[in-house]
Amino acid sequence: MVLFQWDYQNDFVDGSLGFEGAKAIDKLIAEKVVKYRSEGADIIYTMDTHGPAYLDMQEGRKLPIIHCQNGTEGWKLYGETGKVCEDAMTIGKHTFGSFDLAMMALNNGYDQIELCGVVMNICVMANAILLKTAQPEAEIIIDSNCVAS
């Protein structure tokens, strides 16, 4: 079992792309991380990471809102979730889904993967599809209480 926690970064919660519903899942995600860690599960989170050329990339041209600039306050993990994930594995990504995450799952052969995070209809879904492609026999779980948007 592994818990992947998606892009729960300040900019997606209360920053440039934040919205009220995103704050509501902080405690739920943090509790889930603590629970899974006590069971020996891998806790892995992705961090949306952009540089100064973001607005010149296709995503930046379609979504011209500066967010998750590497090293900024908006790039850091939000709230209680950020505190309980300080020692978790991190995978940076510069777009919606993470090929590196899918390859890591492929190489580790997980039989069950749970996802949670902010933007269900973009990043969480993109990674769910990539993970299912990498691990077609794995059960992919998305806890509807631990996603927003």
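**A walk through the cores, two unusual residues and the cysteines**

Start at valine 118. Setting aside neighbours within four places in sequence, this residue is in contact with Trp6, Asp7, Tyr8, Phe12, Val13, Phe19, Ala22, Ile25, Val124, Val147, Ala148 and Ser149. The model is a predicted one.

Valine 118 belongs to the largest nonpolar core, which has 25 residues. Within this core, Val118 is one of six residues that touch the most other members. The others in that group are Tyr8, Ile29, Val33, Ile43 and Cys85. Several elements each supply at least two residues of the core. Two helices are among them: α1, spanning 10-13, and α3, spanning 26-38. Three strands do so as well: β2 at 42-48, β4 at 112-119 and β5 at 139-148. Helix α3 gives the largest share, four residues. Apart from this core lies another, made of 17 residues. Its members include Trp6, Ile113, Met120 and Leu131.

Now go back to the contacts of valine 118. Asp7 and Ser149 both appear in that list. Take aspartate 7 to begin with. Its phi is positive, about 40°, although the residue is not a glycine. Aspartate 7 sits in the loop between β1, at 2-6, and α1. Is aspartate 7 buried or exposed? Its relative accessibility is 3%, so aspartate 7 counts as buried.

Serine 149 also has a positive phi, near 85°, and is likewise a residue other than glycine. Its place is in the segment after β5. Here the accessibility reads otherwise. Serine 149 has 59% relative accessibility and therefore counts as exposed. The cut-offs behind these two labels are under 20% for buried and over 50% for exposed.

Last come the cysteines. How many disulfides does a search of the whole structure find? The search finds zero. Cysteine 68 is in no disulfide. The cysteine sulfur nearest to that of cysteine 68 belongs to cysteine 123, 8.8 Å away. A disulfide needs the two sulfur atoms within 2.5 Å, so a pair 8.8 Å apart does not count as one. Cysteine 123 is in no disulfide either, and its nearest cysteine sulfur is that of cysteine 68. Where do these two side chains stand on accessibility? Cysteine 68 is buried, at 0% relative accessible area. Cysteine 123 is buried too, at 9%.

How values were computed:
Residues are numbered from 1 along each chain as its sequence is written. This is a predicted model: local features need pLDDT of at least 70, side-chain atom pairs count only at pLDDT 80 or more; totals for chains, interfaces and linings use all residues. Side-chain values use heavy atoms; hydrogens and water are left out. A nonpolar core is a set of buried Ala, Val, Leu, Ile, Met, Phe, Trp, Tyr and Cys residues joined through side-chain atoms within 4.5 Å. Buried means under 20% relative accessible area, exposed over 50%, partly exposed in between (1.4 Å probe, protein chains only). Contact means heavy atoms within 4.5 Å.
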